[in-house]
Amino acid sequence: MTTLSDIYQKTKQLLEENADTNSDIDTKLHFSSYIRDSIQFIKIVICLEDEYDIEFDNQDLQLEKYKSIDDFIQMIYQKRFIFKFFKFVYHILPSKNCTP
């Protein structure tokens, strides 16, 4: 089970690997404090999509949407929960081709 702490650590690790800083990452700050362009952000997003089996919508790719890195981490956690829920529901519902 993926915890919020797991997502926090992974996101922080990815930021440290891609950021323009050698200092510790403060997740209360905005992404613009650490990354210089949207390409760095997209690289982080792709890694997180692969890691947590989620998909980001176009609106989720707008850096302005997040007041802080913490907001972004919360969104990933919620998205992960929603994706897992719908996968579960999809697997327990009968398919259209089932006969009674």
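Is Phe41 buried or exposed, judged by its relative accessibility? At 1% relative accessibility, Phe41 counts as buried, where buried means under 20% relative accessible area, exposed means over 50%, and partly exposed lies in between (1.4 Å probe, protein chains only). The structure is a predicted model, in which local features need pLDDT of at least 70 and side-chain atom pairs count only at pLDDT 80 or more, while totals for chains, interfaces and linings use all residues. Residues are numbered from 1 along each chain as its sequence is written, and side-chain values use heavy atoms, with hydrogens and water left out.

Phe41 belongs to helix H2, so a look at this helix comes next. Helices here are DSSP runs of H or I with at least four residues, numbered from the N terminus. H2 has 15 residues and spans 21 Å from its first C-alpha to its last, close to the expected 21 Å; that expectation is 1.5 Å times one less than the number of residues. The buried residues of H2 are Gln40, Phe41, Ile44, Val45, Leu48 and Tyr52. Viewed down the helix axis, these buried residues fall within an arc of 135°, so they line one face of H2; the arc is taken from the directions that run from the helix axis to the C-beta atoms. Ile39 and Asp50, on the other side of H2, are exposed.

The two ends of H2 also deserve a glance. At the N-terminal end, Asp37 acts as a cap, with a side-chain oxygen 3.1 Å from the backbone nitrogen of Ile39. Just after H2, Asp53 takes a positive phi of about 55°. Within the helix, Gln40 is buried, with a relative accessible area of 6%. Not counting residues up to four places away in sequence, Gln40 touches Asn18, Asp20 and Ile35, contact meaning heavy atoms within 4.5 Å. Gln40 and Leu14 are 26 residues apart in sequence, and their C-alpha atoms are 9.9 Å apart in space.

Aromatic rings are the next topic. Rings of Phe, Tyr and Trp (its six-membered ring) pair if their centres lie within 6.5 Å; planes under 30 degrees apart count as stacked, over 60 as edge-to-face and the rest as tilted. A search of the whole structure finds five aromatic pairs. In one of them, the rings of Phe31 and Phe41 have centres 5.1 Å apart and planes at 70°, so the pair is edge-to-face. This pair links distant parts of the chain, since Phe31 sits in the loop between helix H1 (4–18) and H2, and Phe41 in helix H2, 10 residues apart. Phe31 is buried too, with a relative accessible area of 0%. Tyr66 and Phe72 form an edge-to-face pair as well, at 5.1 Å centre to centre and 85° between the planes. Tyr66 counts as buried at 3% relative accessibility, and Phe72 counts as buried at 0%. Phe31, Phe41, Phe56, Tyr66 and Phe72 form one aromatic cluster.

Charged side chains complete the picture. A salt bridge is a side-chain nitrogen of Lys or Arg within 4 Å of a carboxyl oxygen of Asp or Glu, and by this rule the count comes to seven. One of them joins Glu51 and Lys10, whose closest N and O atoms are 3.8 Å apart. It links helix H2, home of Glu51, to helix H1, home of Lys10, across 41 residues. Glu51 counts as partly exposed at 45% relative accessibility. Another salt bridge joins Asp24 and Lys12, with closest N and O atoms 3.4 Å apart. Asp24 counts as exposed at 56% relative accessibility, whereas Lys12 counts as buried at 13%.

Finally, Asp60 lies in the loop between helix H2 (38–52) and helix H3 (69–92). Asp60 is buried, with a relative accessible area of 3%. Leaving aside neighbours within four places in sequence, Asp60 is in contact with Phe41, Lys65, Tyr66, Met75 and Lys79. The side chains of Asp60 and Lys79 are joined by a polar contact of 2.8 Å, a polar contact being a pair of N or O atoms within 3.5 Å; within protein, one must be able to donate a hydrogen and the other to accept it, and residues adjacent in sequence count only if both atoms are side-chain atoms. Lys79 also meets Asp57 in a salt bridge of 3.8 Å, N to O. This pair connects the loop between H2 and H3, where Asp57 lies, with helix H3, which holds Lys79. Asp57 is partly exposed, with a relative accessible area of 37%, while Lys79 counts as buried at 11%. Salt bridges that share partners join Asp57, Asp60, Lys65 and Lys79 into one network.
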